[in-house]
Amino acid sequence: MPHSHRPTTKHKHKSFKSGHASSRVLKDIAKGRIQPDKKSTGVVKVHTKADRRNLAKQIQNNKKQSLRAQGHIFGDGRGRCSRICAIVPVCGADARAFVMTLRQQYDPDSDLDNIVHIPSFKQRLEFRLPASTTVRDYLDLVACSDFVILLASAEANLAESPHAMRILRSLQAQGTPTIVTAFQDLHGGVDSMFRRSDKQAAETRKMWEDDIKTLFPASSSFSMESTSEVAQLVRSLCTSTPESPSWRYTRGYVVVEQATMTPDGEYVVEGVTRGEPLDVNQRIYLDGFGDFAVSRISAAPHGIEESETLATRQAPEEDILDSADIDIEALPEQTSPEERLRRGVRLDDHYYVSDDEDEVAVEKRLPKGTSSYQAAWITNETEAQSDEELADTDDNDDNDNDDDDEDENMAGDDFDTAADDAEMGESAYAPTTMGGEGEHVDLSEEENARQLARFRAEIADDQEFPDEVDWDPSIPARDRFRKYRGLKDFGQSVWDPEEIEPNTPSWWRRVLRFEHYSTMRNRLLKVKPAQPVTAGRRIRLYIKDVPARISTARQPLAIWFLHQYEDRPAVVNLSIQLEPDVDPIKSKEELVVQVGSRRFMVNPIFSQHVATTRNGLVRYERFCQPGRRSMASFTGPCVLDRAGLPVLYFRRNSESTSGAGDLELVATGSFVNCDHARMPIKRVLLTGESFKVHKRVVTVRFMFNSREDVRFFKALKLRTKGGRTGFIREPLGTHGYMKTTWDGPLKGQDTIAMPLYKRIYPRKADYFVD
């Protein structure tokens, strides 16, 4: 056996024993999981079993009192309300036969067609049908109902009825109260040649229930062919407390029973109050007409013409949100286009000038009598520079006429008189009337196909080459992009939301500005009316200044009360996601948007789905693409509701079989906030190619067409898709060639781009009218 020495070089040293684990060891142990917060070292009070039992009993009693308060307004007495049941017939169901079945079984002597008295439960059920088969009528009916009865005929299949699926999907997106399903003709109709056995009827019912559960999981089903199940349906309607959609909890409304126009020009509405207590000093919303002021509210018991006055409109108090108008005389003189072109392109807060001149800072709007020393200490002021609002010819960024600002002055100064109108009891919004069928001109098949191909080509181009633009070479770039500026860092650069820019609309100064929207909203929602009118009372509303054409229109189903300032213009931000099988929607395309109980005609602008950022800048999007969420913004009546308020987006569907001008659901979303400081920023990329490459010095061409354009944009940074950054050293020749320097060598296939940015202002919206 050969001799060998002990391997002393393989001695294992003792590991270091620290008193605690290091942060590195803790990260390795966590493996990416977020470490829980350390528990507080304070004294924790241990509740005894009796304490826990008492707390559970208190919570239970509070719930019982809340349910009792919600259901005390219903009953069959003179001072009680009917339980409103909206019938939604689908797939050929007979709603009249459904009501007749209940009348014959529970109230055969009633003279009313749509009201059934249930003596055993001392309740009164009022059944309402939609005025037509349009989606809008179904939404309006369900919005003011206590129960929804989904009446289905087993003779048809739900999946084979696109109109029924469109209605149910719209109801699901809006939110429904307590919903039940009633089946007719499970064994076959009266006139049917085919009769189903009990097994076949059970299979048909199971198929229908599975389809409905995908949209309304909490719905219960009943068969109208079974007397016991009809009794269970009636018991459920009479004894259960209706569950209301969450967006109705913070708002009062009146279910209309009768409406007339008086000789004095007042619109008198009789109905029953629901929801929160009514405030006579707040405005009301009439679907299809707009918002109006209420002069007084009086009680209206059955059979009594003259009754006591419950509330009278009082003079408005001082408006805490009224901001002082901008003093036009105090603003500095506007800079002429020639002077601005001499300065060069704007980079953040400064204009670039040539090397032999000093840098020019953006002017500030200062109080009268401010010295130069005092002005140096004033920061974040509204910039005073403004151009004349020129006709917008620079928004052809993708050869498609985006028309970013073409309508910014079309309505004149409608918002300039908003405060004056509010004091006089008039709204700042005039409803928008939609054109009738006679104004529509059908395109030829060739023209329609050409426009469709162009639209789809724009979508593909936006996905493959976002933000890259081409423009007419005969137009100088310094003129074409005169409203754009450069940013050193999109996420860090400061952009003043109060700045007056060349493309700022004249009505922008009248938009409500909330420093903290959620705080102001919570404060306003907690304000109690001075003369409250509680829910469950039958009242008369006297509404002022309603157009005379309302007397020939159909009677509204409900009158919705608005919160304070909800008739004032504000920047409304909503989330949006397209429905399945819907083509992308172009920004600024006209849509009908339903926010809670109100509908608007909107041309929304889309941006990335971010509520707030550090500097308020978000990316503008030309299209709302399928499969991703975006944000839609418009300037319209303020919304004072909590986040999550359902929002529905519709297109006018002139080819619908359910009625002329029906609405087609194209997207859904929710309300986010009202924030004017959230600024959608449009980015364009001026691209060029490398002509000569020598290490880090590159000659670039085809980005500009003249030497003057190169000098104008010399201050801005260049970028490549590969991540390199560079800057312009000097122009070469007279055809737009330029010498650039980079932070590293470029590749021959790199595309060189210069980003420019412009703020896009949300367009104005008006109330939706037929």
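**Buried charges, salt bridges and nonpolar cores in a predicted model**

Glutamate 270 counts as buried, at 13% relative accessibility. The model is a predicted one. Glutamate 270 sits in strand 8, which spans residues 267-275. Its side chain makes polar contacts with two arginine side chains. One contact, of 3.2 Å, is with arginine 538. The other, of 2.8 Å, is with arginine 540. Leaving aside residues up to four places away in sequence, glutamate 270 touches Val255, Val256, Glu257, Gln258, Arg538, Ile539 and Arg540. Both arginine partners are thus also among the residues that glutamate 270 touches.

The overall composition of the chain was examined next. The protein chain contains 14 helices and 35 strands. It has 770 residues, of which 47% count as buried. Contacts between residues at least 6 apart in sequence were also assessed; 75% of them join residues at least 24 apart. About 40900 Å² of the protein chain is exposed, and carbon and sulfur atoms supply 50% of that area.

Helix 4 (residues 135-143) is mostly covered, with 9 of its 9 residues buried. These residues are Val135, Arg136, Asp137, Tyr138, Leu139, Asp140, Leu141, Val142 and Ala143. The list includes the charged residues Arg136, Asp137 and Asp140. Those three residues belong to a network of salt bridges, together with Asp287, Arg554 and Arg599.

Salt bridges in the model number 32. One of them joins the side chains of aspartate 140 and arginine 599, with an N to O distance of 2.8 Å. Aspartate 140 lies in helix 4 and arginine 599 in strand 22 (residues 598-602), so this pair ties together parts that are 459 residues apart in sequence. Both partners fall under the 20% cut-off for burial. Aspartate 140 counts as buried because its relative accessibility is 16%. Arginine 599 counts as buried at 2%.

A second salt bridge forms between the side chains of aspartate 709 and arginine 478, at 2.7 Å from N to O. This pair links distant parts of the chain: aspartate 709 is in helix 14 (residues 707-712) and arginine 478 is in helix 12, 231 residues apart. The partners differ in cover. Aspartate 709 is buried, with a relative accessible area of 2%. Arginine 478 is partly exposed, with a relative accessible area of 21%.

A third salt bridge joins the side chains of arginine 513 and glutamate 498 (2.8 Å, N to O). Each residue lies in the loop between helix 12 and helix 13, so the pair ties together parts that are 15 residues apart in sequence. Arginine 513 counts as partly exposed, at 26% relative accessibility. Glutamate 498 is also partly exposed, at 26%.

Asparagine 503 lies in the loop between helix 12 (477-480) and helix 13 (517-525). Asparagine 503 is buried, with a relative accessible area of 0%. A polar atom of the asparagine 503 side chain lies 3.0 Å from the backbone oxygen of arginine 759.

The nonpolar interior was then considered. The largest nonpolar core has 44 residues. Those with the most contacts inside this core are Leu574, Val593, Val595, Tyr649, Phe671 and Cys674. Strand 19 (residues 569-578) supplies the largest share of the core, 5 residues. Leucine 574 touches Val593, Val595, Tyr649 and Phe671, among others. Its other contacts include Ser630, Met631, Ala632, Phe634, Val647, Ser670 and Val672; residues up to four places away in sequence are not counted. Another core lies apart from the largest one and has 32 residues, among them Val88, Tyr138, Leu171 and Val592. Of these, Tyr138 is also one of the buried residues of helix 4.

Nonpolar residues also appear on the surface. Val25, Leu26 and Ile29 form a nonpolar patch there, with about 260 Å² of accessible area together. Isoleucine 29 lies in helix 1 (residues 23-30). Isoleucine 29 is exposed, because its relative accessible area is 54% and the cut-off for exposure is over 50%.

Methods
Residues numbered from 1 in each chain as written. Predicted model: local features only at pLDDT ≥ 70, side-chain atom pairs only at ≥ 80, totals over all residues. Heavy atoms only, no water. Core = buried A, V, L, I, M, F, W, Y, C linked by side-chain atoms within 4.5 Å. Buried < 20%, exposed > 50% of the residue type's maximum accessible area, 1.4 Å probe, protein only. Helix = DSSP H or I, 4+ residues; strand = E, 2+ residues; numbered from the N terminus. Contact = heavy atoms within 4.5 Å. Patch = residues over 30% accessible without salt bridge, like charges linked within 9 Å, V, L, I, M, F, W, Y side chains within 5 Å. Areas by Shrake-Rupley, 256 points an atom, 1.4 Å probe, with all protein chains shown as cover. Salt bridge = Lys/Arg side-chain N within 4 Å of Asp/Glu carboxyl O. Polar contact = N/O pair within 3.5 Å; in protein donor to acceptor, adjacent residues only side chain to side chain.
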